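Q: Please take a close look at the salt bridges in this structure. Which residues form them, and how exposed are the partners?

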Amino acid sequence: MTDTAHRPAEIRPFRIEVAQTDLDDLRDRLARTRWPDELPGVGWSYGVALDDLQDLATYWRDGYDWRAWEARLNAHPQFTTEIDGEAIHFLHVRSPEPDAVPLLLTHGWPGSVVEFLHIIGPLTDPRAHGGDPADAFHVVAPALPGFGFSGPTRSAGWGFTRVARAWAELMRRLGYGRYVAQGGDMGGLISPWVGRVDPKHVLGVHVNALITLAGEDDWGAGEGSGEDDWGAGDGSGGEAGSDAGDWQERSGYAQIQSTRPQTLAYGLTDSPVGVLAWNLEWFVDYDPARTLQTTIDRDLILTNIAIYWLTATSGSSARLYKESTMEEWAPKGRSTVPTAVAVFPGDGTSRSIAERQHHLVRWTEYDRGGHFAALQAPDLLVDDIRAFVRDLR
């Protein structure tokens with residue numbers, strides 16, 4: 001990978017160039033996987049099913065073409081800059097339309113900037129994609145600190161607000177005085193924080209897969225008790241349902257990443273099948289028939305996961321969970337920035353909590369797509385962003 005030297009305030013062009021020896025090592029490790037046993041007939045009820053994982057690992061080893069996806073990523077202008085002591089990698093795709101609105105896109109875990117490959121074209125050049133040129137955006141899509149080519153982090157304390165301040169500095173550095181912040185999953189938490197730390201410059205906040213946790217000032221407020229709101233609203237890391245029991249079944253990964261990310265890092269950094277299994281759960285629907293959420297192409301899944309593997313950032317990405325405080329997960333007080341929420345199948349977002357924590361001006365529910373809306377329903381997500389920003393102009 002290029003661009004190993006970073007000087008403060010300097011923005012440097014970047015290209016992804018993974019060494020062939022790293023790809024050969026990956027293929028060799030996949031071929032030598034030591035597989036666990038599995039109870040008969042349990043499917044996905046105990047975690048990722050063995051047959052499914054073996055099939056995907058075989059394809060990763062023998063069929064998946066990293067170089068093709070590397071080239072696809074490199075087709076978009078990429079840069080790095082140092083902010084608050086960390087090297088930040090980002091895509092910056094300017095629209096041909098002179099009046100385009102700057103749009104800051106933030107991914108979540110276990111995602112990456114790969115999530116945005118389907119929407120960058122329609123957002124930046126709607127004229128070329130059958131849309132109205134008045135809906136154009138300049139897109140800035142950074143990799144979260146500690147994730148992929150923005151990692152690993154070199155200092156502790158990279159919680160949501162520190163990331164949000166870094167994003168505000170990035171947009172300032174790029175010369176954007178007014179901009180819209182958008183994100184899903186962790187990006188759906190960080191984007192509203194960008195509005196909170198930089199309200200003079202954030203025109204609006206648009207989120208999907210919004211994680212809503214009841215804070216102390218929410219308990220007993222609104223329609224339900226704090227206990228009910230917590231269960232209904234928690235969609236952390238890819239919730240595919242909306243009840244407390246459902247979340248309890250799936251919350252183990254978050255408990256580990258928020259308490260012992262370093263312990264987890266050893267296995268995920270040493271075993272490609274380990275990181276494949278750990279990340280895969282959130283890219284698939286828990287419904288055994290795979291009918292709730294739209295299926296994600298396996299090449300897109302593997303490209304996201306390959307970035308974690310090739311940059312050895314599974315451990316540093318997990319630190320975001322530990323380094324974000326409870327108040328950052330469940331902010332006190334209400335943001336003043338106009339906020340839109342798009343809800344897709346599998347999201348467990350609580351509208352009552354969202355209304356208490358955000359200046360909610362738009363709420364839209366969709367019957368197709370999923371937690372990774374930019375991959376699973378890119379057309380709906382793009383249309384929702386356009387409609388929201390149209391009303392802000």
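A: A search of the whole structure, which is a predicted model, finds 19 salt bridges. Three pairs are described here one by one, followed by a network.

The pair in helix 15 comes first here. Arg351 and Glu355 both belong to this helix, which covers residues 351-357. They are 4 residues apart, about one turn of the helix. Their side chains meet in a salt bridge, with an N to O distance of 3.2 Å. Arg351 has a relative accessibility of 42% and so counts as partly exposed, since that class lies between the under 20% of buried residues and the over 50% of exposed ones. Glu355 is also partly exposed, because its relative accessibility is 34%.

Elsewhere, salt bridges that share partners link Asp25, Arg29 and Asp270 into one network.

Arg32 pairs with Asp28, and the closest N and O atoms of this salt bridge are 3.0 Å apart. The two partners fall into separate classes of accessibility. Arg32 has a relative accessible area of 57%, so Arg32 is exposed, the cut-off for that class being over 50%. Asp28, at 38% relative accessibility, counts as partly exposed.

The remaining pair is Arg12 with Glu10. Their closest N and O atoms lie 3.8 Å apart, which still makes a salt bridge because the cut-off is within 4 Å. Arg12 has 22% relative accessibility and therefore counts as partly exposed, as buried would require a value under 20%. Glu10 is partly exposed too, with a relative accessible area of 26%.

The background to these pairs is the chain as a whole. The protein chain has 393 residues, and 60% of them count as buried. Its secondary structure comprises 17 helices and 9 strands. About 15700 Å² of the chain is exposed, and carbon and sulfur atoms supply 50% of that area. As for contacts between residues at least 6 apart in sequence, 74% join residues that are at least 24 apart.

To return to the pairs, the N to O distances are 3.0 Å for Arg32 and Asp28, 3.2 Å for Arg351 and Glu355, and 3.8 Å for Arg12 and Glu10.

How values were computed: Residues are numbered from 1 along each chain as its sequence is written. This is a predicted model: local features need pLDDT of at least 70, side-chain atom pairs count only at pLDDT 80 or more; totals for chains, interfaces and linings use all residues. Side-chain values use heavy atoms; hydrogens and water are left out. Helices (H or I, at least four residues) and strands (E, at least two) are DSSP runs, numbered from the N terminus. Buried means under 20% relative accessible area, exposed over 50%, partly exposed in between (1.4 Å probe, protein chains only). Contact means heavy atoms within 4.5 Å. Accessible areas come from the Shrake-Rupley method with a 1.4 Å probe; for residues, only the protein chains shown count as cover.
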